[in-house]
Amino acid sequence: QVQLVESGGGLVQAGGSLRLSCSASGRTLYDMGWFRPAPGKERAFVAAIIRSGANVDYTDSVKGRFTIFRDNTKNILYLQMDSLKPEDTAVYYCAASRSFGHRTLDYDYWGQGTQVTVSS
């Protein structure tokens with residue numbers, strides 16, 4: 001079992017930055033990802049990182065603006081979000097997976113989400 005708790009969301013102006021955190025407890029040696037709702041999808045892939053941190057992946061719309069990284073000594077996953085746009089407004093969910101992937105089906109455990117609002 002893994003328990004995930006997100007934090008760091010808030011209100012920011014367009015062009016600003018936020019850093020999301022996801023604290024993991026329990027058995028934590030998992031690949032991890034961030035998701036957010038998208039048109040037609042309850043949760044769409046944003047970014048993922050393998051358990052060692054050596055490999056990452058992003059959806060095209062956030063490449064060059066978002067950075068996913070993790071601190072395995074503290075069991076914390078991060079999402080650094082820069083150059084934020086109003087279309088980034090969403091609830092962001094972290095998730096843990098036994099296999100590195102983009103699909104929600106790949107992920108076994110989910111947090112409750114943290115709201116990010118970007119004003120224009």
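Start with strands S4 and S9 in this predicted model: select both, and you will see them run antiparallel, joined by 5 bridges. For one rung of that ladder, pick glycine 33, which stands opposite alanine 95 in S9.

**Staying on S9**

Keep S9 selected and colour it by accessibility. How many of its 8 residues are buried? The count is 7, so the strand is mostly covered. Next, bring up S10, which runs antiparallel to S9 and is joined to S9 by 3 bridges. Here alanine 96 stands opposite tyrosine 109 in S10; keep that tyrosine in mind for later. Then add strand S11 (residues 114-119), also antiparallel to S9 and also joined to S9 by 3 bridges. Tyrosine 92 has threonine 114 as its bridge partner in S11. If you show the side chains along any of these strands, one rule of thumb helps with orientation: in a regular strand, side chains alternate between the two faces of the sheet.

**The disulfide**

Now select cysteine 22 and cysteine 94, which are joined by a disulfide with an S to S distance of 2.0 Å. The model has 1 disulfide in total. Which parts of the chain does this pair link? Cysteine 22 sits in strand S3 and cysteine 94 in strand S9, 72 residues apart. Both cysteines are buried. Try a dihedral across the S-S bond too: the torsion is about 50°, so the disulfide is right-handed.

**Out along S3**

From cysteine 22, widen the selection to the whole of S3. On show next is strand S1 (residues 2-7), which pairs with S3 in the antiparallel sense over 6 bridges. Valine 2 has glycine 26 as its bridge partner in S3. Strand S8 (residues 76-81) is joined to S3 by 6 bridges as well, and these two strands run antiparallel. To locate this pairing, look for serine 23 opposite isoleucine 76 in S8. Before leaving, select arginine 19 and tyrosine 78: the arginine lies over the face of the tyrosine, 5.9 Å from the ring centre.

**Aromatic pairs**

Time for the rings, of which the model has 6 aromatic pairs. Begin with tyrosine 30 and tyrosine 109, whose ring centres are 5.7 Å apart with planes at 80°, so this pair is edge-to-face. Tyrosine 30 belongs to the loop between strand S3 (18-26) and strand S4 (31-38), while tyrosine 109 belongs to strand S10 (residues 107-110), so the pair links distant parts of the chain, 79 residues apart. Are these two tyrosines buried or exposed? Tyrosine 30 is buried, and tyrosine 109 is too.

Move on to phenylalanine 35 and tyrosine 107. Their ring centres lie 5.0 Å apart and their planes meet at 80°, so this pair is edge-to-face. It also links distant parts of the chain, with phenylalanine 35 in strand S4 and tyrosine 107 in strand S10, 72 residues apart. Both phenylalanine 35 and tyrosine 107 are buried. Add Phe45 and Trp110 to the selection, and you have one aromatic cluster of Phe35, Phe45, Tyr107 and Trp110. Which charged residue sits over the ring of tryptophan 110? Select arginine 43: its charged end is 4.8 Å from the centre of that ring.

**Last stop: phenylalanine 100 and aspartate 31**

Phenylalanine 100 is in the loop between strand S9 (90-97) and S10. With a relative accessibility of 31%, phenylalanine 100 counts as partly exposed. Beyond its neighbours within four places in sequence, phenylalanine 100 is in contact with Asp31, Ala48, Ile49, Ile50, Asn55, Val56 and Asp57. For a sense of distance, draw a C-alpha to C-alpha line to asparagine 75: the two residues are 17 Å apart in space and 25 residues apart in sequence.

Now centre on aspartate 31, found in strand S4. At 6% relative accessibility, aspartate 31 counts as buried. What does its side chain reach? Show the backbone nitrogen of phenylalanine 100, and you will find the side chain of aspartate 31 at 3.0 Å from that atom. Leaving out residues up to four places away in sequence, aspartate 31 also touches others, including Ile49, Ile50, Arg51, Arg70 and Ala95.

Conventions. Residues numbered from 1 in each chain as written. Predicted model: local features only at pLDDT ≥ 70, side-chain atom pairs only at ≥ 80, totals over all residues. Heavy atoms only, no water. Phe/Tyr/Trp six-rings, centres within 6.5 Å; stacked < 30°, edge-to-face > 60°. Helix = DSSP H or I, 4+ residues; strand = E, 2+ residues; numbered from the N terminus. Buried < 20%, exposed > 50% of the residue type's maximum accessible area, 1.4 Å probe, protein only. Lys NZ or Arg CZ within 6 Å of the ring centre and 35° of its normal. Contact = heavy atoms within 4.5 Å. Polar contact = N/O pair within 3.5 Å; in protein donor to acceptor, adjacent residues only side chain to side chain. Pairing = 2+ DSSP bridges. Disulfide = S-S within 2.5 Å.
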